[in-house]
Amino acid sequence: VAIERGTTPQQRILRTTLEKLPLALAKQTFESPTLLVIGEVAALSSVLNWYEPGLAYAFDTREIKQQKK
């Protein structure tokens, strides 16, 4: 898995095998910063995909305090 500009609105993800990675990256022209995730954990990328560009992951702590009362 290659993650370009992770956790930014410009984030792109490339899922491929290690064997096909060089060719896939050459076709996509990923730029710095790009993080490579290799090994068994890479197979979990679709399950652990907590960030989607354009979506806000924020919450109001006042709502949490009110729910605890």
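Is E4 buried or exposed? In this predicted model, E4 turns out to be buried, with a relative accessible area of just 2%. That falls in the buried class because the cut-off is under 20% relative accessible area. E4 is a good place to start, since the charged side chains can be followed from there.

Side chains of opposite charge can pair when their charged atoms come close. Here, the structure holds three salt bridges. E4 takes part in one with R12, where N and O are 2.5 Å apart. R12 itself is partly exposed, at a relative accessible area of 30%. E4 also pairs up with R5, and in that salt bridge the closest N and O atoms sit 4.0 Å apart. Like R12, R5 has its own accessibility value: 29%, which makes R5 partly exposed.

Next comes the salt bridge between the side chains of E31 and R5, with an N to O distance of 3.3 Å. E31 lies in the loop between α1 (21-28) and β3 (34-36), while R5 lies in the loop between β1 (2-4) and β2 (12-14), so this pair ties together parts that are 26 residues apart in sequence. As for accessibility, E31 is partly exposed, with a relative accessible area of 46%.

Put the pairs together and a picture appears: E4, R5, R12 and E31 are linked in a network of salt bridges. Walking through that network, R12 pairs with E4, E4 pairs with R5, and R5 pairs with E31.

Methods: Residues are numbered from 1 along each chain as its sequence is written. This is a predicted model: local features need pLDDT of at least 70, side-chain atom pairs count only at pLDDT 80 or more; totals for chains, interfaces and linings use all residues. Side-chain values use heavy atoms; hydrogens and water are left out. Buried means under 20% relative accessible area, exposed over 50%, partly exposed in between (1.4 Å probe, protein chains only). Helices (H or I, at least four residues) and strands (E, at least two) are DSSP runs, numbered from the N terminus.
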